[in-house]
Each structure stands twice: as structure tokens, then as C-alpha cells.
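Let's take a walk through a protein model together. Keep the 3D view open and turn it as you read.

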Amino acid sequence: MPDHDDADLLELAYPYALDALSADERRVVERRLEDAPESVADDFRATVHDLRETLATMTIVDAVPAPPDLEARVQRALDLHLDGAADPVLAVGPALRMRWLAAAAAIVVAVGAGAGIAVYRSQSHDAGEITAEQIDAQPDGRESVAPVTGGGTVTVHMSRRLDAAVVSFETVPNPPADRTYQLWLISPAGQVRSAGVLPGLPGAQAPLLLRFGDAVQLALSIEPAGGSPAPTTEPIAGVPLT
């Protein structure tokens with residue numbers, strides 16, 4: 001069982017994953033990671049990976065507007081839990097308090113940025129699911145091939161009529177150690193949302209099917225392992241969706 005300091009470090013994985021720490025605070029956390037037991041460091045990185053992957057998955061398709069009172073509701077819930085000591089049932093310890101802060105911060109930042117709340121639609125869902133064959137059969141179906149910086153190409157079969165695309169990669173090298181590829185959708189207003197973290201690049205035999213909504217550009221970047229809530233590097237490939 002980790003001691004108090006190690007447990008505190010593990011709790012910091014939540015705001016670290018959400019980029020809710022300042023640059024100085026991140027450096028302090030990273031120095032503590034270097035000195036932490038290997039098992040604690042592994043648990044920290046796994047938590048960061050899982051949280052970022054969850055956030056990326058939540059933004060994979062079909063963003064819809066957030067309810068207008070969502071930010072106020074989140075703030076009321078946060079205040080209730082942070083002030084819950086008056087009621088023993090609602091009292092929270094440091095661990096749960098940090099999780100509430102991290103979750104609330106993520107939602108409020110999304111609402112404040114106008115990003116809306118994304119709804120994930122599983123690709124295995126059979127009701128009204130779009131297939132690669134349907135995309136290719138559309139009158140406006142087309143193929144775009146773009147180079148990837150560092151080698152290889154990305155191919156996108158897309159239909160604006162369906163707002164859907166099939167994405168595959170060819171001869172693209174693996175990302176550097178502790179890094180991953182991540183896809184991004186860019187709206188006409190320049191807003192960027194994740195289209196998924198790619199632990200392995202989909203090829204022509206097993207492509208990635210995604211819905212892109214009103215996005216006009218698909219981009220690929222190299223991000224920290226587990227992905228990022230927003231791009232941290234310049235794109236290495238881009239394909240127009242118009």
C-alpha cells in the first residue's frame with residue numbers, strides 16, 4: 001500500500017491528465033515521479049493514460065450543445081461536496097475531493113470554451129450505423145490521400161452527405177517511445193476536438209470509421225502516451241473534409 005506522500009502523488013494524476021496544473025506545478029509532479037517507487041510511477045502513468053483515453057473517446061463523434069445550465073449545476077454539485085462536512089454522509093476525503101475538482105474542471109472548461117458535450121456512438125451499434133461500403137456508394141463519396149511527415153500516407157474515404165469517413169494509414173512509422181498518434185477534427189470556426197487516440201494505426205484491411213459532423217479538416221499529431229485533451233504539437237498530416 002502506498003504511503004501518504006505516494007497516495008498524494010497518485011491523486012495528482014487527475015489534474016495532471018487534464019492539464020489543470022501550471023507549468024511549475026507539472027515540473028514539481030514530474031520531479032516527484034522521478035523519485036517515486038517504480039510501482040507508484042507506473043500507477044500514475046496508467047491513471048493519466050486511462051483518463052486521457054476516456055476523454056478522447058468521449059469526443060470521438062457527434063458533439064451536441066451543452067445544456068445552458070450545466071455549468072451552474074456542476075458548480076452547485078462541487079460546492080455541495082466540498083462543503084459537505086456539515087453532513088457526515090457528504091463529507092469527502094482528499095482523494096474524492098481531487099477527483100471532483102478534476103471532473104468539474106474538465107466539464108466547466110469544456111462549457112466555457114463552447115466545446116459542448118460529446119456523445120460517443122459505438123461503431124458496433126447496428127441501428128443506423130454507417131459502413132465503409134455505404135460511404136463509397138454515395139454520389140459525393142471521394143478519396144483523399146495525404147503525406148504524413150516522417151513517412152507514409154493517410155487515406156480518407158469520405159462523404160459529406162453522410163458526414164462520415166473511413167481512415168487508413170500506409171507505411172507510417174511507429175511514434176516515438178512514450179508518444180502516440182491522435183486524430184483531430186477541426187470545425188469551420190477553428191475549434192478542435194479529438195477524433196480518437198490511435199495506439200495502433202488502422203490499415204486498409206481494418207480502417208477506422210468515424211463521423212465528423214460539421215468538421216472541415218481531419219488532422220493527425222503526435223501526443224504524449226494516452227493522448228491529450230487538446231493538441232500539444234503541430235499536425236503531421238491534414239486532410240480536408242469539404
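## The main core

Which residues touch the most other members of the largest nonpolar core? Keep in mind that we're looking at a predicted model. Out of the 25 residues in that core, the ones touching the most other members are Val154, Val156, Leu183 and Leu220. Quite a few strands chip in: E4 (153-159), E5 (164-170), E6, E7, E8 (208-211), E9 and E10 each supply at least two residues of this core. There's also a second, separate core of 14 residues, and Leu9, Ala17, Val29 and Ala36 are among them. As a general habit, nonpolar side chains in soluble globular proteins tend to be buried together.

Now zoom in on Val154. Leaving out residues up to four places away in sequence, Val154 touches Ser144, Val145, Ala146, Val148, Val167, Ser168, Phe169, Ala237 and Val239.

## A closer look at Val167

One of those contacts, Val167, deserves its own stop. You'll find Val167 in strand E5. Is Val167 buried or exposed? Val167 counts as buried because its relative accessibility is 1%, and the cut-off for buried is under 20%.

What is Val167 in contact with, leaving aside its neighbours within four places in sequence? The list is Val154, Thr155, Val156, Pro202, Pro207, Leu208, Leu210 and Leu218. You can also try the distance tool on Val167 and Glu143: they sit 24 residues apart along the chain, and their C-alpha atoms are separated by 9.9 Å.

## A four-stranded sheet

Next, find the open sheet of four strands, in the order E7-E6-E9-E10, with antiparallel pairing. On its edges are E7 (192-198) and E10 (237-240), each pairing on one side only. On average, neighbouring strands in this sheet are turned by 30° against each other, if you ignore direction. In general, it's backbone hydrogen bonds that pair the strands of a sheet, whether parallel or antiparallel.

How many bridges join E6 to E9? Eight bridges link E6 (residues 179-186) to E9 (residues 217-224), and these two strands run antiparallel. Leu183 has Leu220 in E9 as its bridge partner, and both of these leucines were in our list of core residues with the most contacts to other members. E9 also joins E10 through four bridges, again antiparallel, and here Leu218 stands opposite Val239 in E10.

E10 is a nice place to watch side chains alternate. Ala237 and Val239 point to one face and are buried, whereas Gly238 and Pro240 point to the other face and are not. That kind of alternation between the two faces of the sheet is what a regular strand does.

## Empty spaces

Searching the whole structure turns up two cavities of 30 Å³ or more. The second largest cavity holds about 30 Å³ of space. Its lining will look familiar: Val154, Phe169, Leu183, Leu218, Ala219, Leu220, Ala237, Gly238 and Val239. The elements giving two or more residues to this lining are E9 and E10.

Pockets are worth a visit too. The second largest pocket has about 350 Å³ of space. Of the 13 residues lining this pocket, Tyr16, Leu33, Arg45, Asp178 and Ala225 lie nearest its centre. Helices H3 (23-35) and H4 (38-58) each supply at least two residues of the lining, with H4 giving the largest share, six residues.

Note on methods: Residues numbered from 1 in each chain as written. Predicted model: local features only at pLDDT ≥ 70, side-chain atom pairs only at ≥ 80, totals over all residues. Heavy atoms only, no water. Pairing = 2+ DSSP bridges. Axes fitted to C-alpha atoms, helices over the stretch in contact; angles between N-to-C directions. Core = buried A, V, L, I, M, F, W, Y, C linked by side-chain atoms within 4.5 Å. Buried < 20%, exposed > 50% of the residue type's maximum accessible area, 1.4 Å probe, protein only. Contact = heavy atoms within 4.5 Å. 1 Å grid on protein atoms, 1.4 Å probe; cavity = no way out; pocket = protein on both sides within 12 Å on 5 of 7 lines; lining within 4 Å. Points joined across faces, edges and corners; volume = space filled by probe spheres on them.
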